[in-house]
Amino acid sequence: MTRAFEETIHTDFPNRLDYATYLRLDLILQAQQPLSDPEHHDETLFIIQHQTSELWMKLIIHELQAGIRSIQNDQLEPCFKILARVKHVQRMLFEQWAVLATLTPTEYAEFRGALGRASGFQSWQYRHIEFLLGNKDANALRVFKDRPDEQSALATALNSPSLYDEFLRHLGRRGLPVPSESVERSWQEPYAAREGVRDVFKIIYENPAAHWDAYEMAEKLVDVEEQFSLWRYRHMLTVERVIGHKTGTGGSSGVSFLRKALEIRLFPELWDVRTEIGR
């Protein structure tokens, strides 16, 4: 069975916007420029894997910034859709590691030297996501000293309340007993867990009917952190599978450096409160 070509389908685009122009495919599809010489077949996979990851991360940043603005306006409901979308984008990033894992150690060794000192550690968008989610480290800005625009964007995020910070400030404005040091502090410092914040979430979780939007927001944040942890774990395993325990191209210790990131909690009280509920 064949499908007839419908005569109403547009075929003339001399002065009209078409699909390729709208998506700027002329730029995107020319952006894969392998540097291995002679060109190694699998370098294209490596480049596309990381380029598509950066596109997804751009969307995550776009969504998280919108979520922060929504919370600042004391509107949690729009965040539910935003964080649900972020979770699905994170799932796409997680699944992408399966594609890169088809790259064997022998194949990667053929073109790894072409990367020089280039490394995913230098992804300013990844760092931006971490800052928006509260994992702050001023030292990370040093990596971008030769890229002033990116460094400036990161500095703004570093010195601004994270998504979680804004949620706690929102809860404080609602009259919940959020500790003062959690709503007014040096935003560039990594977030530190506080029992007082855990107790606030205990109030919310033990009476969800009275705090339904905050309860739903808390669960959406747990979704995002869970997906982030899974992504980090899959990243570490893929790196170990492809290069073992070699030093990273960016100078890190490689797998052991990535393993330490698995211990980071972005929203610690949302995990701690689970031990308290029902006691």
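Are Glu276 and Arg198 buried or exposed? Both residues are buried. They belong to a predicted model, and the paragraphs below move from the overall fold of the chain to its surface, its charge pairs and the surroundings of helix 6.

The chain contains 13 helices and zero strands. Read from one end of the sequence to the other, its pattern is accordingly a succession of α elements, α-α-α-α-α-α-α-α-α-α-α-α-α. Along the principal axes, the C-alpha atoms fill a box of roughly 60 × 55 × 40 Å. Of the 279 residues in the chain, 40% are buried. Among contacts with a separation of 6 or more, 72% are made by residues 24 or more positions apart.

Turning to the surface, the chain exposes about 16,100 Å², and carbon and sulfur atoms supply 53% of that area. Leu17, Tyr19, Tyr22 and Leu23 together make a nonpolar surface patch of about 520 Å². Within this group, Leu17 sits in the segment before helix 1, which spans residues 19-22. Leu17 counts as exposed because its relative accessibility is 59%, above the 50% cut-off for that class.

The loop between helix 10 (195-206) and helix 11 (212-243) offers a contrast in burial. Ala209 lies in this loop and counts as exposed, at 71% relative accessibility. The C-alpha atom of Ala209 is separated by 31 Å from that of Arg185, a residue 24 positions away along the chain. His211 also has its place in the loop between helix 10 and helix 11, yet His211 is buried, with a relative accessible area of 15%. Leaving aside residues up to four places away in sequence, His211 touches Arg174, Leu176, Ile203 and Ile204.

The charged residues come next. The chain carries 33 positive and 40 negative charges, and the mean positions of the two sets are 3 Å apart. Side chains of opposite charge can pair when their charged atoms come close. The structure holds 19 salt bridges.

One of these salt bridges joins Asp223 and Lys87, whose closest N and O atoms are 3.9 Å apart. Asp223 belongs to helix 11 and Lys87 to helix 4 (residues 77-100), so this pair ties together parts that lie 136 residues apart in sequence. Asp223 counts as partly exposed, at 26% relative accessibility, and Lys87 is likewise partly exposed, with a relative accessible area of 26%.

A further salt bridge is formed by Arg169 and Glu184, with 3.1 Å between the closest N and O atoms. This pair links distant parts of the chain: Arg169 is in helix 8 (residues 163-173), while Glu184 is in the loop between helix 9 (180-183) and helix 10, 15 residues apart. Glu184 is exposed, its relative accessible area being 54%.

The opening pair can now be placed. The side chains of Glu276 and Arg198 meet in a salt bridge, at 3.8 Å from N to O. Glu276 is in helix 13 (residues 268-276) and Arg198 is in helix 10, so their pairing ties together parts that are 78 residues apart in sequence. Glu276 and Arg198 are both buried, whereas Glu184 in the preceding pair is exposed.

Salt bridges also occur as a network, which links Arg127, Glu130 and Arg232. Arg127 and Glu130 are among the buried residues of helix 6. Helix 6 (residues 124-133) is mostly covered, with nine of its ten residues buried. In addition to Arg127 and Glu130, the buried residues of this helix are Gln125, Tyr126, His128, Ile129, Phe131, Leu132 and Leu133. What covers them includes helix 3 (43-72), helix 7 (148-158), helix 8 and helix 11. Just after helix 6, Gly134 takes a positive phi of about 110°.

Several of these elements recur in the account. Helix 11 holds Asp223 of the pairing with Lys87 and is also part of the cover over the buried residues of helix 6. Helix 8 likewise contributes to that cover, and it carries Arg169, the partner of Glu184. Helix 10 contains Arg198, which is paired with Glu276 of helix 13.

Terms used:
Residues are numbered from 1 along each chain as its sequence is written. This is a predicted model: local features need pLDDT of at least 70, side-chain atom pairs count only at pLDDT 80 or more; totals for chains, interfaces and linings use all residues. Side-chain values use heavy atoms; hydrogens and water are left out. Helices (H or I, at least four residues) and strands (E, at least two) are DSSP runs, numbered from the N terminus. Buried means under 20% relative accessible area, exposed over 50%, partly exposed in between (1.4 Å probe, protein chains only). Contact means heavy atoms within 4.5 Å. Accessible areas come from the Shrake-Rupley method with a 1.4 Å probe; for residues, only the protein chains shown count as cover. Lys and Arg count as positive and Asp and Glu as negative; His and the chain ends are not counted. The place of a charge is taken as NZ of Lys, CZ of Arg, CG of Asp or CD of Glu. Patches are made of residues with over 30% relative accessible area and no salt bridge: like charges are joined within 9 Å, nonpolar side chains (Val, Leu, Ile, Met, Phe, Trp, Tyr) within 5 Å. A salt bridge is a side-chain nitrogen of Lys or Arg within 4 Å of a carboxyl oxygen of Asp or Glu.
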